[in-house]
Amino acid sequence: MLRRPLIALDGNVFSLEGSTVHGVYASYLEALEDAGAIPLIVPPVLDEDALQEALDRLDGVLLTGGYDLPPEWYGQEPHPRTTLAHPQRLEASRRLAEAAVKRGLPVLGICMGCQLLNVVLGGDLIQDIPDLVGTAVTHSGTSHSIRLDPSSRLFAILGAEKLEVNSSHHQAAGRPGKGLRPVAWAPDGVTEALEAEEARFLLAVQWHPERMLDRPEQRALFRAFAQAAREAR
(Lines give C-alpha, C1' and ligand atoms only; values in the text may rest on other atoms or scores of the structure.)
Protein backbone atom coordinates (compact mmCIF):
# COMPACT_ATOMS: atom_id res chain seq x y z
CA MET A 1 0.00 0.00 0.00
CA LEU A 2 1.33 3.42 -0.96
CA ARG A 3 2.21 5.77 1.87
CA ARG A 4 -0.29 8.60 2.18
CA PRO A 5 1.53 11.95 2.20
CA LEU A 6 0.71 14.45 4.96
CA ILE A 7 -0.19 17.81 3.44
CA ALA A 8 -0.71 21.03 5.38
CA LEU A 9 -3.34 23.65 4.58
CA ASP A 10 -3.23 27.21 5.91
CA GLY A 11 -6.33 27.77 8.01
CA ASN A 12 -8.49 30.83 7.46
CA VAL A 13 -9.72 32.98 10.36
CA PHE A 14 -13.34 34.07 10.67
CA SER A 15 -16.06 34.73 13.23
CA LEU A 16 -19.02 32.45 13.84
CA GLU A 17 -21.66 33.15 16.48
CA GLY A 18 -19.30 35.39 18.38
CA SER A 19 -16.37 32.97 18.36
CA THR A 20 -13.19 32.91 16.29
CA VAL A 21 -12.88 29.91 13.97
CA HIS A 22 -9.77 28.56 12.23
CA GLY A 23 -10.55 26.31 9.28
CA VAL A 24 -10.85 25.69 5.53
CA TYR A 25 -13.64 24.80 3.13
CA ALA A 26 -14.35 21.09 3.10
CA SER A 27 -13.75 20.96 -0.66
CA TYR A 28 -9.98 21.37 -0.10
CA LEU A 29 -9.94 18.46 2.33
CA GLU A 30 -12.04 16.30 0.00
CA ALA A 31 -9.75 17.05 -2.96
CA LEU A 32 -6.64 15.99 -1.04
CA GLU A 33 -8.28 12.89 0.41
CA ASP A 34 -9.49 11.91 -3.07
CA ALA A 35 -5.89 12.27 -4.29
CA GLY A 36 -4.64 9.85 -1.65
CA ALA A 37 -3.23 12.42 0.78
CA ILE A 38 -3.90 13.13 4.45
CA PRO A 39 -4.90 16.81 4.87
CA LEU A 40 -3.90 18.65 8.03
CA ILE A 41 -5.05 22.19 8.81
CA VAL A 42 -2.22 24.24 10.31
CA PRO A 43 -3.76 26.78 12.69
CA PRO A 44 -2.47 30.37 12.56
CA VAL A 45 -1.64 30.34 16.27
CA LEU A 46 1.63 28.38 15.99
CA ASP A 47 4.80 30.10 17.09
CA GLU A 48 7.90 29.77 14.92
CA ASP A 49 9.31 26.75 16.75
CA ALA A 50 6.00 24.90 16.56
CA LEU A 51 5.64 25.73 12.86
CA GLN A 52 9.10 24.38 12.08
CA GLU A 53 8.42 21.23 14.10
CA ALA A 54 5.18 20.72 12.17
CA LEU A 55 7.02 21.16 8.86
CA ASP A 56 9.51 18.47 9.91
CA ARG A 57 6.61 16.01 9.72
CA LEU A 58 4.90 17.32 6.59
CA ASP A 59 5.29 16.23 2.96
CA GLY A 60 3.69 19.21 1.20
CA VAL A 61 1.77 22.48 1.64
CA LEU A 62 -1.47 23.64 0.02
CA LEU A 63 -1.96 27.42 0.17
CA THR A 64 -5.69 28.09 0.08
CA GLY A 65 -7.86 30.95 -1.13
CA GLY A 66 -9.03 34.02 0.73
CA TYR A 67 -9.22 37.80 0.61
CA ASP A 68 -6.44 40.18 -0.44
CA LEU A 69 -2.80 40.52 0.58
CA PRO A 70 -1.37 43.78 1.98
CA PRO A 71 -0.10 45.86 -0.98
CA GLU A 72 2.88 47.02 1.10
CA TRP A 73 4.18 43.45 0.88
CA TYR A 74 4.86 44.08 -2.80
CA GLY A 75 5.56 47.81 -2.79
CA GLN A 76 2.20 49.28 -3.81
CA GLU A 77 -0.35 51.64 -2.30
CA PRO A 78 -3.77 50.08 -1.57
CA HIS A 79 -6.37 50.18 -4.34
CA PRO A 80 -9.85 51.30 -3.17
CA ARG A 81 -11.22 47.80 -3.87
CA THR A 82 -8.47 45.94 -1.97
CA THR A 83 -10.03 44.04 0.96
CA LEU A 84 -7.48 42.49 3.27
CA ALA A 85 -7.70 39.01 4.71
CA HIS A 86 -7.69 38.60 8.49
CA PRO A 87 -4.35 39.90 9.90
CA GLN A 88 -3.69 36.70 11.85
CA ARG A 89 -4.32 34.57 8.77
CA LEU A 90 -2.12 36.79 6.61
CA GLU A 91 0.89 36.55 8.91
CA ALA A 92 0.52 32.80 9.46
CA SER A 93 0.02 32.00 5.77
CA ARG A 94 3.02 34.06 4.80
CA ARG A 95 5.26 32.31 7.35
CA LEU A 96 4.00 28.91 6.18
CA ALA A 97 4.60 29.75 2.53
CA GLU A 98 8.08 31.14 3.15
CA ALA A 99 9.09 28.13 5.25
CA ALA A 100 7.73 25.62 2.73
CA VAL A 101 9.59 27.26 -0.15
CA LYS A 102 12.80 27.48 1.87
CA ARG A 103 12.61 23.78 2.70
CA GLY A 104 11.85 22.81 -0.90
CA LEU A 105 8.56 21.13 0.00
CA PRO A 106 6.03 20.53 -2.78
CA VAL A 107 3.63 23.49 -2.79
CA LEU A 108 0.30 24.04 -4.55
CA GLY A 109 -1.22 27.52 -4.37
CA ILE A 110 -4.88 28.20 -5.12
CA CYS A 111 -6.43 31.65 -5.72
CA MET A 112 -5.06 33.83 -2.87
CA GLY A 113 -2.50 31.06 -2.36
CA CYS A 114 -1.33 31.63 -5.95
CA GLN A 115 -0.95 35.34 -5.28
CA LEU A 116 0.78 34.71 -1.95
CA LEU A 117 3.33 32.40 -3.53
CA ASN A 118 4.12 35.02 -6.16
CA VAL A 119 4.53 37.78 -3.57
CA VAL A 120 6.66 35.64 -1.23
CA LEU A 121 9.04 35.08 -4.14
CA GLY A 122 9.28 38.80 -4.88
CA GLY A 123 6.55 39.30 -7.46
CA ASP A 124 3.66 41.75 -7.35
CA LEU A 125 -0.08 41.76 -8.00
CA ILE A 126 -2.68 43.45 -10.16
CA GLN A 127 -4.85 44.81 -7.34
CA ASP A 128 -8.09 45.14 -9.30
CA ILE A 129 -8.48 43.54 -12.73
CA PRO A 130 -11.62 45.45 -13.85
CA ASP A 131 -10.00 48.81 -13.10
CA LEU A 132 -6.36 48.17 -13.99
CA VAL A 133 -6.71 45.77 -16.92
CA GLY A 134 -9.97 47.13 -18.28
CA THR A 135 -11.06 43.86 -19.81
CA ALA A 136 -14.35 42.47 -20.98
CA VAL A 137 -13.51 39.12 -19.36
CA THR A 138 -15.33 38.68 -16.05
CA HIS A 139 -13.05 37.12 -13.46
CA SER A 140 -15.33 37.17 -10.42
CA GLY A 141 -18.21 34.76 -9.88
CA THR A 142 -18.18 33.17 -13.32
CA SER A 143 -16.12 30.91 -15.61
CA HIS A 144 -13.93 31.50 -18.64
CA SER A 145 -11.42 29.73 -20.84
CA ILE A 146 -7.69 29.59 -20.23
CA ARG A 147 -4.78 28.85 -22.55
CA LEU A 148 -1.89 26.75 -21.27
CA ASP A 149 1.77 26.76 -22.27
CA PRO A 150 2.26 23.34 -23.92
CA SER A 151 5.83 23.16 -22.59
CA SER A 152 4.72 23.50 -18.95
CA ARG A 153 4.35 20.95 -16.18
CA LEU A 154 0.77 22.15 -15.75
CA PHE A 155 -0.02 21.26 -19.35
CA ALA A 156 1.46 17.80 -18.83
CA ILE A 157 -0.77 17.31 -15.78
CA LEU A 158 -4.02 18.70 -17.18
CA GLY A 159 -3.52 17.30 -20.67
CA ALA A 160 -5.04 20.14 -22.67
CA GLU A 161 -3.92 23.43 -24.15
CA LYS A 162 -7.31 25.07 -23.60
CA LEU A 163 -9.72 24.55 -20.69
CA GLU A 164 -12.75 26.12 -19.06
CA VAL A 165 -12.21 27.05 -15.41
CA ASN A 166 -14.19 28.72 -12.65
CA SER A 167 -13.21 32.23 -11.62
CA SER A 168 -13.75 34.13 -8.38
CA HIS A 169 -11.02 36.76 -8.05
CA HIS A 170 -10.51 40.45 -8.69
CA GLN A 171 -6.72 40.33 -8.28
CA ALA A 172 -4.04 38.35 -10.09
CA ALA A 173 -0.29 37.91 -10.35
CA GLY A 174 1.51 40.78 -12.04
CA ARG A 175 5.29 40.60 -12.23
CA PRO A 176 6.33 36.97 -11.61
CA GLY A 177 8.32 36.18 -8.50
CA LYS A 178 11.87 34.83 -8.63
CA GLY A 179 12.00 31.43 -10.32
CA LEU A 180 8.34 31.52 -11.37
CA ARG A 181 6.96 31.76 -14.87
CA PRO A 182 3.39 32.27 -16.10
CA VAL A 183 2.07 29.11 -17.77
CA ALA A 184 -1.65 29.83 -18.26
CA TRP A 185 -3.60 32.92 -19.29
CA ALA A 186 -7.18 34.13 -19.56
CA PRO A 187 -8.29 35.51 -22.95
CA ASP A 188 -7.42 39.04 -21.74
CA GLY A 189 -3.84 38.06 -20.93
CA VAL A 190 -4.29 37.91 -17.15
CA THR A 191 -2.03 35.24 -15.63
CA GLU A 192 -3.99 32.18 -14.46
CA ALA A 193 -1.13 29.92 -13.34
CA LEU A 194 2.53 30.04 -12.32
CA GLU A 195 5.13 27.34 -11.87
CA ALA A 196 8.78 26.99 -10.96
CA GLU A 197 10.91 24.93 -13.33
CA GLU A 198 13.68 24.23 -10.84
CA ALA A 199 11.56 23.05 -7.90
CA ARG A 200 10.32 19.54 -7.17
CA PHE A 201 6.72 20.82 -7.32
CA LEU A 202 5.96 24.53 -7.01
CA LEU A 203 2.77 25.31 -8.87
CA ALA A 204 -0.05 27.82 -8.40
CA VAL A 205 -3.39 28.35 -10.12
CA GLN A 206 -5.79 31.26 -9.92
CA TRP A 207 -8.96 29.20 -10.24
CA HIS A 208 -10.45 26.75 -7.70
CA PRO A 209 -9.80 23.17 -8.88
CA GLU A 210 -11.12 21.79 -5.57
CA ARG A 211 -14.57 22.95 -6.67
CA MET A 212 -14.28 21.09 -9.99
CA LEU A 213 -13.57 17.51 -8.96
CA ASP A 214 -16.17 16.26 -11.41
CA ARG A 215 -13.60 17.09 -14.12
CA PRO A 216 -10.79 14.54 -14.49
CA GLU A 217 -8.13 17.11 -15.34
CA GLN A 218 -8.75 19.01 -12.10
CA ARG A 219 -8.55 15.84 -10.03
CA ALA A 220 -5.31 15.07 -11.87
CA LEU A 221 -3.80 18.28 -10.50
CA PHE A 222 -4.32 17.16 -6.90
CA ARG A 223 -3.07 13.68 -7.70
CA ALA A 224 0.13 15.05 -9.23
CA PHE A 225 0.61 17.22 -6.14
CA ALA A 226 0.01 14.28 -3.80
CA GLN A 227 2.45 12.13 -5.77
CA ALA A 228 5.14 14.81 -5.55
CA ALA A 229 4.54 15.05 -1.80
CA ARG A 230 4.70 11.25 -1.48
CA GLU A 231 8.10 11.26 -3.18
CA ALA A 232 9.40 14.21 -1.15
CA ARG A 233 10.68 12.09 1.75
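Begin by selecting helix α4, residues 112–120, in this predicted model. Helix α4 lies across five strands, namely β5 (60–63), β6 (107–110), β11 (180–185), β12 (191–196) and β13 (202–205), and runs at about 120° to β6.

Next, select helix α7, residues 216–230, which also packs on the sheet. Helix α7 touches β1, β5, β6, β9 and β13, and its direction makes about 145° with that of β6.

**The sheet**

With both helices still displayed, colour the strands of the sheet and follow them across in the order β4-β1-β5-β6-β13-β12-β11-β8-β9, which makes an open sheet of nine strands with mixed pairing. The edges are formed by β4 (38–42) and β9 (162–168), each of which pairs on one side only. As you move from one strand to the next, the twist averages 30°.

Zoom in on the end of the sheet that carries β4, and add β1, residues 6–10, to the selection. Strands β1 and β4 pair in the parallel sense over five bridges, and within this stretch you can pick out Ala8, which stands opposite Leu40 in β4.

**Helix α1 against α7**

Keep α7 on display and select helix α1, residues 26–34. The axes of α1 and α7 come within 8 Å and cross at roughly 70°, an angle that falls in the range of 65 to 115 degrees and therefore makes α1 roughly perpendicular to α7. The crossing of these two helices, α1 and α7, is right-handed.

To see the contact itself, show the side chains of Ala31, Leu32 and Asp34 on α1, together with Arg219, Phe222, Arg223 and Phe225 on α7. Sorted by class, the residues of this contact between α1 and α7 comprise four nonpolar and three charged, with no polar residue.

**The aromatic pair**

Stay with Phe225 and add Phe201 to the selection; their ring centres are 5.5 Å apart and their planes lie at 35°, so the pair is tilted. A search of the whole structure finds one aromatic pair. This pair links distant parts of the chain, with Phe201 in the loop between β12 and β13 and Phe225 in helix α7, 24 residues apart.

**Helix α3 and its two neighbours**

Now select helix α3, residues 87–103, and with it helix α2, residues 48–57. The axes of α2 and α3 come within 11 Å and cross at roughly 45°, and the two helices are therefore oblique to each other. Their crossing, that of α2 and α3, is right-handed.

Display Glu48, Leu51, Gln52, Leu55 and Asp56 in α2, and you will find that they meet Arg95, Leu96, Ala99 and Arg103 in α3. The residues of this contact of α2 with α3 divide into four nonpolar, one polar and four charged.

Finally, hide α2 and bring back α4, the helix with which the tour began. The axes of α3 and α4 come within 10 Å and cross at roughly 60°, and α3 passes α4 in a right-handed crossing. On the α3 side, select Arg89, Ser93, Arg94, Ala97, Glu98 and Val101, which meet Met112, Leu116, Leu117 and Val120 in α4. Which classes of residue make up this contact of α3 with α4? Six of its residues are nonpolar, one is polar and three are charged.

Technical notes. Residues numbered from 1 in each chain as written. Predicted model: local features only at pLDDT ≥ 70, side-chain atom pairs only at ≥ 80, totals over all residues. Heavy atoms only, no water. Pairing = 2+ DSSP bridges. Helix = DSSP H or I, 4+ residues; strand = E, 2+ residues; numbered from the N terminus. Axes fitted to C-alpha atoms, helices over the stretch in contact; angles between N-to-C directions. Contact = heavy atoms within 4.5 Å. Parallel < 35°, antiparallel > 145°, perpendicular 65-115°, else oblique. Left-handed = near helix turned anticlockwise from the far one by under 90°. Nonpolar A, V, L, I, M, F, W, Y, C, P; charged D, E, K, R; others polar. Phe/Tyr/Trp six-rings, centres within 6.5 Å; stacked < 30°, edge-to-face > 60°.
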